[in-house]
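Dear colleague,

Please find below the structure that I am handing over to you. After it, I set out what was found, beginning with a question that you may wish to consider yourself.

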Amino acid sequence: MRKFKTESKKLLDLMINSIYTNREIFLRELVSNASDAVDKLYFRSLTDDTVQLDKDSLAIRVSFDKDARTVTVSDNGIGMGKDDLDVNLGTIAHSDSMAFKAENDEAQGGDVDIIGQFGVGFYSSFMVAKRVRVVSRAFGTDEAWAWESDGIEGYTITSAERDTHGTDVILTLKDDTDDESFDTFLSEYGLKSLIKRYSNYVRYPVQMNVTKSRELPKPDDAGDDYVPQRESYTELETINSMIPIWKRRKSDVTDEEYNEFYKSEFHDFADPARVTTIHAEGALSYDALLFVPSKAPWDLYSKDYQKGLALYSSNVLIMEKCEDLLPDYYNFVRGVVDSQDLTLNISRETLQQNSQLRAIAKRVEKKVTSELQNMRDNDREAYEKFFENFGRGLKYGIYATYGQARDPLADLLLFHSAKQQKQVTLAEYAAVMPEGQDAIYYAAGDSVEHLQNMPAVKTVLSKGYDVLLCTQDVDEFTFQMMYGYEAPKTDDADDAEPAAPLPFKSVADADLDISTEEEKEAAKAITEDNKDLFEAMTSALDGKVEKVAVSARLTDEPVCLVSEGPISIEMEKTLAGTPDAEGMKSQRVLEVNPKHAVFEALKTAQDSGDADKVRAYTDLLYGQALLMAGLPVDDPLAFSQAVSELMI
């Protein structure tokens, strides 16, 4: 019995029980090791003329014996001799693949693509196995050797038999317990699933004997009542795809191939709306295949939804969903990233250098933004459908980043134009603004139909200005975080001074300020003449509003409710449904239409000294304004009685 050549017992225990978080990855590690062994032999055949090799014969074989409780991973790669087994398997954390890569990288210009880096993947076998036996014969030798260990104290190396070069790793699985079952690794389906999940794109065939069924030939003497008979048989089958679709040129892949890959890998029934690829070379080389879904998944806006791209290293799956590769506002994007340059941690499950991920993520974000811009400009119908599904997330991205994401996202947003009666971008809104307009006007509410009939919207439209009709609760929060919109320069304005950003202004803001000087003077005069009335009305509402004022935005309606300050009435409604919303109130202003008959009735009551009538009319008008704003009245019963009394 030989002892492991490190402070081995503690270290091996760490390898088995702490480094890896998912025991099923043992098969991924063994297949990756087998792939490296085949790679080394193939590389030698390219550099040594004496090595004659049929590349098509190179393969990895996976098998199991349910009765013996063994799983075997075999390859016909370069193999190991006695000393190799002692060094590579007897010394924990020694990576023969890493040494091989270091020796040959310089000679080959850094092009040797080997999966293994740390030399600990082999020991993940002990998560599922109570004993591991490795039988190997080095290429060009006649002797085979067997390394065997229980993963506790040490190992033995003895003479063995193997017909040809290569390695067999034979795992004797642990016995099942009440808490753990290992039988899934002793089934054809279980092993096939793991191969396809983790090693589907290993460059060599990963083969298994697969059970199939076929109909037996009908006997010559069979009668009319013959029932067809079937028999089971086994056939060697390649389980993995080998060639990743993301490494092929986009021009060489059909739309149907992309669509089928997307639907099978990401479990969607619909074709993607967009497909884009990245092939980056340089200090950090990687390939990416990205999909924009055509429909939002049902749980996209739930707390359980997990974003991320599948992350591969040299065609081996490292993480199913790497969140760091996507910003939150592009959480709907699906796809894969594959790089042989990633610096993995010792378990090959996470990364050591986040700078690599950040570099890839930055490029991915730019690519997605560019693809969405292209869709917006060249396939507007498809883009509007996309925005219907995912637009809320783009808006929320600006809000959640405190406006830092406005540059990539602002021009991707769409809003309904009250004037043009269609979806427009902010740039399209700004491009047709009349001379003298110095703000982007919007109205927030529950529906386009309701907003179109708002008195304030009609007033702004009558001035020749367009109004964006915003029906999502995140809209006003987004505008606040954007701090205005800087419209793109036109070609004839390249040399002009940059224009100040256009502020966003709600038509329900108390300081809308679209009146002419004449209208302002008239409103000021009415306010001064009816100062006592407005004070009495403000007093009657007892703190419910900041003030009562003359309205310049009303035409037919007697009153409306507007707001001052950073929280609008619509924002108050949204915040009311959140925790800790107490105190998050808008500063309300009740505006009165001085041209309406109700105003004359109020003046008459005030002039006659009928304070009760002024109070009753004010309460009634305030309730009416609340309903028009989509807010509940404070006391529905009292409001109903007040309306009834008008009819008596």
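Is strand β14 (residues 334-338) mostly covered or mostly uncovered, and how many of its residues are buried? The model you have is a predicted one, and in it strand β14 is mostly covered, with five of its five residues buried. The side chains of this strand point two ways: Arg334, Val336 and Asp338 go one way, while Gly335 and Val337 go the other, and all of them are buried.

The sheet around β14

Strand β14 belongs to an open sheet of five strands, which follow the order β10-β11-β14-β12-β13. The pairing in this sheet is mixed. At the edges are β10 (274-280) and β13 (316-322), each of which pairs on one side only. From one strand to the next, the twist averages 15 degrees.

You may find it helpful to follow the pairings one at a time. Strand β11 (residues 286-292) pairs with β14 in the antiparallel sense, over five bridges. Here Ala288 stands opposite Val337 of β14. Strand β12 pairs with β14 in the parallel sense, over three bridges. In that pairing, Leu311 has Val337 in β14 as its bridge partner. Val337 is thus opposite Ala288 and is also the bridge partner of Leu311. Finally, β12 (residues 309-313) and β13 run antiparallel and are joined by four bridges. Tyr312 has Leu317 in β13 as its bridge partner.

The nonpolar cores

Which residues of the largest nonpolar core touch the most other members? This core has 71 residues, and the ones in question are Tyr330, Phe332, Leu372, Phe386, Leu394 and Tyr441. Leu372 can serve as an example. Leaving aside residues up to four places away in sequence, Leu372 touches Val292, Tyr330, Phe332, Tyr383, Phe386 and Leu412. There is also a second, separate core of 62 residues, which includes Ile25, Ile60, Phe122 and Val275.

The salt bridges

The count of salt bridges comes to 38. I describe three of them below.

In the first example, the side chains of Arg197 and Glu24 meet at 2.7 Å, N to O. Arg197 lies in helix α5 (residues 188-198) and Glu24 lies in the loop between α1 (8-19) and α2 (26-47), so this pair ties together parts that are 173 residues apart in sequence. Arg197 is partly exposed, with a relative accessible area of 33%. Glu24, at 17% relative accessibility, counts as buried, because the limit for a buried residue is under 20%.

In the second example, the side chains of Glu231 and Arg214 meet at 2.8 Å, N to O. Glu231 is in strand β9 (residues 230-238) and Arg214 is in strand β8 (residues 206-215), so the pair ties together parts that are 17 residues apart in sequence. Glu231 counts as partly exposed at 30% relative accessibility, and Arg214 also counts as partly exposed, at 39%.

In the third example, the side chains of Glu260 and Lys263 meet at 3.5 Å, N to O. How far apart are Glu260 and Lys263 in helix α6 (residues 255-266)? They are three residues apart, and therefore separated by about one helical turn. Glu260 counts as partly exposed at 47% relative accessibility, as does Lys263 at 22%. Returning to the first example, salt bridges that share partners join Glu24, Arg197 and Glu320 into one network.

The chain as a whole

The chain has 648 residues, and buried residues make up 48% of them. Its secondary structure comes to 19 helices and 22 strands. Among the contacts in the chain with a separation of 6 or more, 68% are between residues 24 or more positions apart. The accessible surface of the chain comes to about 33200 Å², and carbon and sulfur atoms account for 46% of that surface.

As you look through the structure, I suggest starting at Val337, which is buried and lies opposite Ala288. From there, you could turn to Leu372 and its contacts, among them Tyr330 and Phe332, and then to the salt bridge between Arg197 and Glu24.

With kind regards

Key. Residues numbered from 1 in each chain as written. Predicted model: local features only at pLDDT ≥ 70, side-chain atom pairs only at ≥ 80, totals over all residues. Heavy atoms only, no water. Core = buried A, V, L, I, M, F, W, Y, C linked by side-chain atoms within 4.5 Å. Buried < 20%, exposed > 50% of the residue type's maximum accessible area, 1.4 Å probe, protein only. Contact = heavy atoms within 4.5 Å. Pairing = 2+ DSSP bridges. Helix = DSSP H or I, 4+ residues; strand = E, 2+ residues; numbered from the N terminus. Axes fitted to C-alpha atoms, helices over the stretch in contact; angles between N-to-C directions. Salt bridge = Lys/Arg side-chain N within 4 Å of Asp/Glu carboxyl O. Areas by Shrake-Rupley, 256 points an atom, 1.4 Å probe, with all protein chains shown as cover.
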